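Please open the structure in your viewer and keep the sequence panel beside it, since this tour moves from one selection to the next.

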Amino acid sequence: MISVAEALEQLFALAEPLGSEEVPLARANGRVLTAPVTALRDQPPFPASAMDGYAVIGDEVRPGARFTVTGEAAAGRAFAGSVAPGEAVRIFTGAPVPPGATRVVIQEDVTREGATITLSDRLDSATHIRGAGIDFTRGQTIPAPRRLRPAEIALAASMNAGSLTVARRPRVALISTGDELVLPGDRPGPDQIVASNTFGLAALLEANGAEARILPIARDTVESLTTTFDLAMDADLIVTIGGASVGDHDLVGPVARDLGMEQSFYKVAMRPGKPLMAGRLRGVPMIGLPGNPVSAMVCGHVFLLPVIDAMQGLPAVPRPLLETTLAADIGANGPRAHYMRARLTPEGITPFESQDSALLSILGAADALLVRPPEAPAAKPGTTVSYLPL
Ligand code: AMP
Ligand code: MG
């Protein structure tokens, strides 16, 4: 049995970064930027007013000072002239500040009568002008690689990028195995259950930039599994679920090996998720996840997400753990790393009473996995512990 860290290293060795593609900016959120975005212009491109008011020469601003209004500047419509001593230009937010003006007096500090304005007794000291290029200048970049968030989409738009270079989405084929499984919405027989893992994993993968494809459920026969593997061969990553233990009906390992799978490892020192398998099947990386629903999802968080990140050109590293304080007593851990479903509160983290790997309801109620290293001693409330946010 190998450690979680070793298993992840071996998975990274199986998964090479995929190529890149151009996508329209509006489709780029959540994708991994693989080439830097370079600003094609300064922003703002001109000194711009930050407020509605009057543009004047800053040195002339004092309580009671009077100016003659000579024109108007609005967003998208600059004033054609400049500002001379004793003059003011009516200006609105986003408008170019006319040459000569060095300050905008906000309209709340001004009384206007006809073409004359008088400044009030109480003036603020700000110029209310945004200098050209204070946000970014031409040539400035958004560095790559990075996963694009809405803020970076807005920044790239402002830089005038119409399309972005992003990693191709990894195509992940998801195979459920088991005679007991039916699809959600079907009519399960009296001895059947509904396949949940493929759907949870597809959602997890899709939310992290992959393109998940749920294949037909493979039955516990060599023929059915073989046919289903055939359907998966155009994927960038094959993920099987269940059938990975050593029971009479656990055929994933034997069938994959018959089809030529070169196995990297089998079994990881973790809980839940021990019977994890990985290898390369006719050139395609393959991961065999355990069937218990929580085990499959925990392995999705711990292994699949870093792997598909690496396939998208992000650094090949484990997901970073966060730290908080323990809010309950916990016992000593055994030889396997334990990923405990837990709840985060202002007091810290509390693992759920039951950690049965079949209980999705508890995974649904959890917002973190408390990570207990192998052989971690018993711990008291107040101890600093690590967790993976869900
Ligand atoms: P296995 O590894 O095939 O022995 O499966 C372990 C347990 O997980 C069994 O109780 C299966 O019924 C269950 N299981 C396997 N695959 C799925 C799935 N796709 N969705 C929900 N439960 C599953
Ligand atoms: Mg099974």
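Begin by selecting Asn208 in this predicted model, where the side chain of Asn208 reaches the backbone oxygen of Leu204 at a distance of 2.8 Å. If you widen the view a little, you will find that Asn208 sits in the loop that runs between helix H3 (197-206) and strand S18 (211-214). Setting aside neighbours within four places in sequence, Asn208 is in contact with Arg147, Leu305, Ile308, Asp309 and Gln312.

Next, select helix H6 (293-311), which is among the elements that give two or more residues to the largest nonpolar core. That core has 46 residues, and those with the most contacts inside it include Leu11, Leu201, Leu237 and Phe303. Helix H6 supplies the largest share of this core, 13 residues. In soluble globular proteins, nonpolar side chains tend to be buried together.

Now pick Leu237, which, apart from neighbours within four places in sequence, is in contact with residues including Val172, Met286, Leu304 and Ile308. Another core, of 20 residues, lies apart from the largest one, and Leu215, Phe229, Leu251 and Val252 are among its members.

Finally, select ligand 1: which of the 14 residues around it come nearest? They are Ser176, Glu180, Ser196, Gly243 and Gly291. A polar side-chain atom of Ser176 lies 2.8 Å from a nitrogen atom of ligand 1, while a polar backbone atom of Gly243 is 2.7 Å from an oxygen atom of the ligand. A polar backbone atom of Asn292 is 3.2 Å from an oxygen atom of ligand 1. Of the 480 Å² of accessible area that ligand 1 has on its own, the protein covers 77%.

Technical notes. Residues are numbered from 1 along each chain as its sequence is written. Chains are lettered from A and ligands numbered from 1 in the order in which they are written. This is a predicted model: local features need pLDDT of at least 70, side-chain atom pairs count only at pLDDT 80 or more; totals for chains, interfaces and linings use all residues. Side-chain values use heavy atoms; hydrogens and water are left out. Helices (H or I, at least four residues) and strands (E, at least two) are DSSP runs, numbered from the N terminus. A polar contact is a pair of N or O atoms within 3.5 Å; within protein, one must be able to donate a hydrogen and the other to accept it, and residues adjacent in sequence count only if both atoms are side-chain atoms. Contact means heavy atoms within 4.5 Å. A nonpolar core is a set of buried Ala, Val, Leu, Ile, Met, Phe, Trp, Tyr and Cys residues joined through side-chain atoms within 4.5 Å. Buried means under 20% relative accessible area, exposed over 50%, partly exposed in between (1.4 Å probe, protein chains only). A residue is near a molecule or strand if one of its heavy atoms lies within 4 Å of it. Accessible areas come from the Shrake-Rupley method with a 1.4 Å probe; for residues, only the protein chains shown count as cover.
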